[in-house]
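Colleague: I'd like to learn how to read a few features off a model. Could you walk me through some of them?

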Amino acid sequence: MATSDLPTVTDETFPKRTNKTYALVELMHGEGPMVGKGPDGTVFSFPVVLLIEIILVLGVTLAVFLFSLLKQAPLEAIANPLVTIDPAKAPWYFVGLQELLEHMHPTLAGVLIPTALITFLVLLPYIDRSRANVGIWFSTPRGKRIVLWTAVYSMIAMSAYILLDNAFSLREILRYIVPEWIAQGLVPAAIIALIVAIPAFILWRRKASTRELMIALFTIMLFSALVFTLSGFFLRGPGFKMYLPWQMPNGYNPLDGL
Amino acid sequence: MSVQTRSRWAPLTESRVWRSFFRHGMPDNPLDRSLVMTSNIFLHLHPVKVNRRSLKWSYSFGLGVISAILFGVLIFTGVLLMFYYVPSVERAYPALLDIQLSIPLGQFTRNMHRWSAHLMVLAVILHMVRVFYTGAYKFPREFNWLVGIGLLLLTLGASFTGYLLPWDQLSYWAITVGTSIAGYVPLVGATAKSLLLGGPEVGQDALIRFYTLHVAVLPLLMMLAVSIHIWRVRKDGGLAINDSGVTTEDKPADAAQPGEPSA
Ligand code: HEM
């Protein structure tokens, strides 16, 4: 294919100055794909994007490379089904789930809550059908404030829940009074639901948009997961009991389990 | 109409050997810069042109690309480890000792594999968080959001199945704790757990299942999903930041006839 005698495409399609005058023939309703996107600020992917990607490849590889020179991957004694290790922890990305299991019935913590969270993520784009402010961080300044408040709120609320439930558990008091599914299922589920519902209710009263509601829910989910993960990872020692990270017995160091 | 002068690379790029490899000339002009992207199987996942805005670092923080790069590092180091690893209860742990103690760069390769794996889980989560907060899951990117959730689950699955392979106390008990959660699922829990473990507890059957999932099933599914995912980013009109400012009023997705996302 000959590359010569090619017009410079952009000049042809979007002449900067032209002597031609146009007549208005008819008004059309609807959007064309390029309407409002005019002489666009695009660049050829070759070579800019590829160069950025190469730099990222080198940067990421170098980072992992250097870290791997400094820190060895752990390897403990050969697996022995007869000797339990204490504490036995799930990998860090599941340790939040393990922490959750300490506070409620396993079906609630291990099944219902994870299923609810994934369902929330799956349905999200179909619940929030607004199209305003796509591609903008937090959508609006108000969205950003909602993130800030709900983040702080959920970190405090969930930390309090973990510590309180650990110190004097309502579930233990109820243990012999009501059936297990109430004490271990309904009660903690109601508490968690209440923690989530309070900010959602406040936003609803303040006529928040669906997007803003979703921002609140997602932020609560994210920061609750963070709190549970940090607690499970750093505060749980032998017997999965709670200790201050610098007071772990038996020289247990959570970081050894990475 | 500006006329292109003959490229100084022409003697090379018009040779029969070059032409048998590439269907384009040196990419120093608009036409060849387009052809280089569309005629190369690896590059064609990219659009020919991108909006300058989508290159803005503070928009995406490159987290999707970083996830993909870490996936690449994991494949490379993982294949190296496969040359020595044996998925057997008797031989897995000794193989790990071999890798660490006597195989050149074995420990280092294992380190790279493990730290990239942790980092990839983190990068994928952060990528999802950025996609959420930038509202990039909305029309027309709903499908890609779903592909993304699939990728998140696959990433967690790949990481989790890899965790068992060293067959040391850490991996054995972590997987025992992890899979016991599956047992709590009402009705199907016990079945799901024994399907995953191949028996009532973590043993040889579990090891071979985790190994097969870890080195074949999950990586293949991930390659497929990542390809769809990145191709779909292009088909959905590039990153969502390109759309910002285009639709300002709040209208439901199916109200106005949307402009076909261009790629
Ligand atoms: C293995 C995991 C993944 C890989 C390799 C990956 C890769 C990518 C890449 C390369 C991009 C282009 C923009 C960027 O770099 O940020 C992208 C965009 C996107 N990803 Fe992912 N991704 C992964 C997981 C996910 C997850 C978990 C989600 C959400 C649940 C997701 C949803 C999206 C969406 C909606 C876009 C379009 C963003 C926009 O238009 O601004 N991806 N992904």
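Modeller: Sure; keep in mind that this is a predicted model. Let's begin with a helix that changes direction: H4(A) bends by about 30 degrees at Leu121(A), and Pro125(A) follows within four residues.

Colleague: How many residues does helix H4 of chain A have, and what does it reach from its first C-alpha to its last?

Modeller: For a span, you set the end-to-end reach beside the expected one. Helix H4 of chain A, residues 106–127, has 22 residues and reaches 29 Å, close to the 32 Å expected.

Colleague: And which residues in H4(A) are buried?

Modeller: Among them are Thr107(A), Leu108(A), Val111(A), Pro114(A), Phe120(A) and Leu124(A). The bend residue Leu121(A) and the proline Pro125(A) are buried too. The next thing to look up is the partners. Within chain A, the buried residues of H4(A) pack against helices H3, H7 and H8; from chain B, helices H7, H8 and H9 join in.

Colleague: What does Met221(A) touch?

Modeller: Setting aside residues up to four places away in sequence, Met221(A) touches Leu117(A), Phe120(A) and Leu121(A). Met221(A) itself lies in helix H8 of chain A. Its relative accessible area is 14%, under the 20% cut-off, so Met221(A) counts as buried.

Colleague: Now a charged one. Is Arg211(A) buried or exposed, and which side chain of opposite charge is nearest?

Modeller: With a charge, check burial and then look for a partner. Arg211(A), also in helix H8 of chain A, is buried yet has no salt bridge. The nearest side chain of opposite charge is Asp128(A), 4.6 Å away, whereas a salt bridge needs 4 Å or less. Beyond its neighbours within four places in sequence, Arg211(A) has contacts in both chains, including Asp128(A), Ser130(A) and Phe138(A) as well as Phe132(B), Tyr133(B) and Lys138(B).

Colleague: How many aromatic pairs are there over all chains?

Modeller: The count comes to 21. For each pair, read the centre distance and then the plane angle. Phe94(A) and Phe160(B) have ring centres 5.4 Å apart and planes at 70 degrees, so they are edge-to-face. That pair crosses between chains, from helix H3 of chain A to helix H8 of chain B. Phe94(A) is partly exposed at 22%, while Phe160(B) is buried at 10%. Tyr172(B) and Trp173(B) are edge-to-face as well, with centres 5.0 Å apart and planes at 80 degrees.

Colleague: Which residues do ring pairs link into a cluster?

Modeller: Trp137(A), Phe138(A) and Phe218(A) are among them, along with Phe61(B), Phe132(B), Tyr133(B), Tyr137(B) and Trp145(B).

Technical notes: Residues are numbered from 1 along each chain as its sequence is written. Chains are lettered from A and ligands numbered from 1 in the order in which they are written. Side-chain values use heavy atoms; hydrogens and water are left out. Helices (H or I, at least four residues) and strands (E, at least two) are DSSP runs, numbered from the N terminus. The expected span of a helix is 1.5 Å times one less than its number of residues. The bend at a residue is the angle between axes fitted to the seven residues ending there and the seven starting there. Buried means under 20% relative accessible area, exposed over 50%, partly exposed in between (1.4 Å probe, protein chains only). Contact means heavy atoms within 4.5 Å. Lys and Arg count as positive and Asp and Glu as negative; His and the chain ends are not counted. Rings of Phe, Tyr and Trp (its six-membered ring) pair if their centres lie within 6.5 Å; planes under 30 degrees apart count as stacked, over 60 as edge-to-face and the rest as tilted.
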